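Colleague: I'd like to learn how to read a model like this one. Can we go through it feature by feature?

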Amino acid sequence: LEKKKLGMAMGAALYIPGLMPNFSSKLTNNNLKNLTSAIICLEDSVSDFELIDAENNIINELQLIEQNYENKIIDINNLPLLFLRIRSVQHFEKIATILGNTMRLFTGIVFPKCTSSNAKSFFLCLQEINHQYSIHLYALPILETKEIIYAESRAEELSNLYRLFKQFEDLILTIRVGATDFSSLFGLRRPA
């Protein structure tokens, strides 16, 4: 699909915590047949002490999807658009190294808490991984930090981000806004 149409086709994304067991079967059977996109999350939905378990879970689940595709049990075109929400550039590099060619199952990578100070590193890493595995993953930067919320830094931060986003425009599928983090910065988090 053309990039603009693909970005529009995403619709509302279902977040899947990296620790969710058997998410591969949920994505490949008809339970979620109208789902257009899913974000497998290794960031906010996973605590630091559970991260290794979550990484192992997504690796196993994605390898199951890939095996079922190779064995013609599933049609990969019937999957929702898959995205991976990582924690940092280093985390992205680690996961890409472990997954290798299985990275091709993803449509893109979610850059959490994207700022003008970390965006370029994210984009350069994405370019390198695309080149290394001969794939074309898109970026989904999420704007959700205090630099954008606070009036004192907003204009400069948005201006800096605009320049960076124009530089890497071909990689960006959509730019997302992190309402949960913004709400937290305003002290509006919903009660437990």
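Modeller: Sure. One cut-off to start with: a residue counts as buried under 20% relative accessible area, as exposed over 50%, and as partly exposed in between. Also keep in mind that this is a predicted model.

Colleague: Let me try that cut-off. Is K72 buried or exposed?

Modeller: K72 has 73% relative accessibility, so it counts as exposed. You'll find K72 in the loop between helix 3 and strand 3.

Colleague: What is the backbone doing at K72?

Modeller: Phi of K72 is positive, near 60 degrees, and K72 is a residue other than glycine. K72 comes after helix 3 in the chain.

Colleague: Where else should I look for a positive phi in a residue that is not a glycine?

Modeller: Look at N22, where phi is about 55 degrees. N22 sits in the loop between strand 1 (14–17) and helix 2. Its relative accessible area is 48%, so N22 is partly exposed.

Colleague: Okay, let's zoom out. How many helices and strands does the chain have?

Modeller: Eight helices and six strands. Follow the sequence and you get the pattern α-β-α-β-α-β-α-β-α-β-α-α-β-α.

Colleague: And what does the radius of gyration say about the overall fold?

Modeller: You compare it with the value for a compact globule of that many residues. For 192 residues that would be near 16 Å, and the chain has 17 Å, which agrees. The C-alpha trace spans about 55 × 40 × 30 Å along its principal axes.

Colleague: What share of the chain is buried?

Modeller: Of the 192 residues, 46% count as buried. On the outside, the chain exposes about 10,400 Å², with carbon and sulfur atoms supplying 51% of that.

Colleague: What about the charges: how many positive and negative side chains are there?

Modeller: There are 19 positive and 21 negative side chains, and the centres of the two sets lie 6 Å apart.

Colleague: How do I read the contacts along the sequence?

Modeller: Ask how far apart in sequence the partners are. Take contacts between residues at least 6 apart: in this chain, 80% of them join residues at least 24 apart.

Colleague: Let's pick one helix. How far does helix 3 reach from its first C-alpha to its last?

Modeller: Helix 3 covers residues 51–70, which is 20 residues, and reaches 28 Å, close to the 28 Å expected at 1.5 Å a residue.

Colleague: Which residues of helix 3 are buried?

Modeller: L51, A54, E55, N57, I58, I59, E61, L62, I65 and E66. The elements that cover these buried residues include helix 2 (23–28), strand 2 (37–41), strand 3 (81–85) and helix 4 (89–99).

Colleague: Can you show me a buried residue in a strand?

Modeller: Try F111, which is found in strand 4 (residues 108–111). With a relative accessible area of 0%, F111 is buried.

Colleague: Which residues is F111 in contact with, leaving aside its neighbours within four places in sequence?

Modeller: F111 is in contact with F122, F123, L126, A139, L140, P141 and I142. For a distance, take F111 and I95: they are 16 residues apart along the chain, and their C-alpha atoms are separated by 14 Å.

Colleague: How does separation in sequence translate into separation in space?

Modeller: Here are two pairs to look at. A9 and I172 are 163 residues apart along the chain, with 14 Å between their C-alpha atoms. K72 and T174 are 102 residues apart in sequence, and 31 Å apart from C-alpha to C-alpha.

Colleague: And where does A9 sit?

Modeller: In helix 1 (residues 3–9). A9 is partly exposed, with a relative accessible area of 34%.

Notes
Residues numbered from 1 in each chain as written. Predicted model: local features only at pLDDT ≥ 70, side-chain atom pairs only at ≥ 80, totals over all residues. Heavy atoms only, no water. Helix = DSSP H or I, 4+ residues; strand = E, 2+ residues; numbered from the N terminus. Rg over C-alpha atoms; globule rule 2.2 N^0.38 Å. Buried < 20%, exposed > 50% of the residue type's maximum accessible area, 1.4 Å probe, protein only. Contact = heavy atoms within 4.5 Å. Areas by Shrake-Rupley, 256 points an atom, 1.4 Å probe, with all protein chains shown as cover. Lys, Arg positive; Asp, Glu negative; His and termini not counted. Charge placed at Lys NZ, Arg CZ, Asp CG, Glu CD. Expected span 1.5 Å × (residues − 1).
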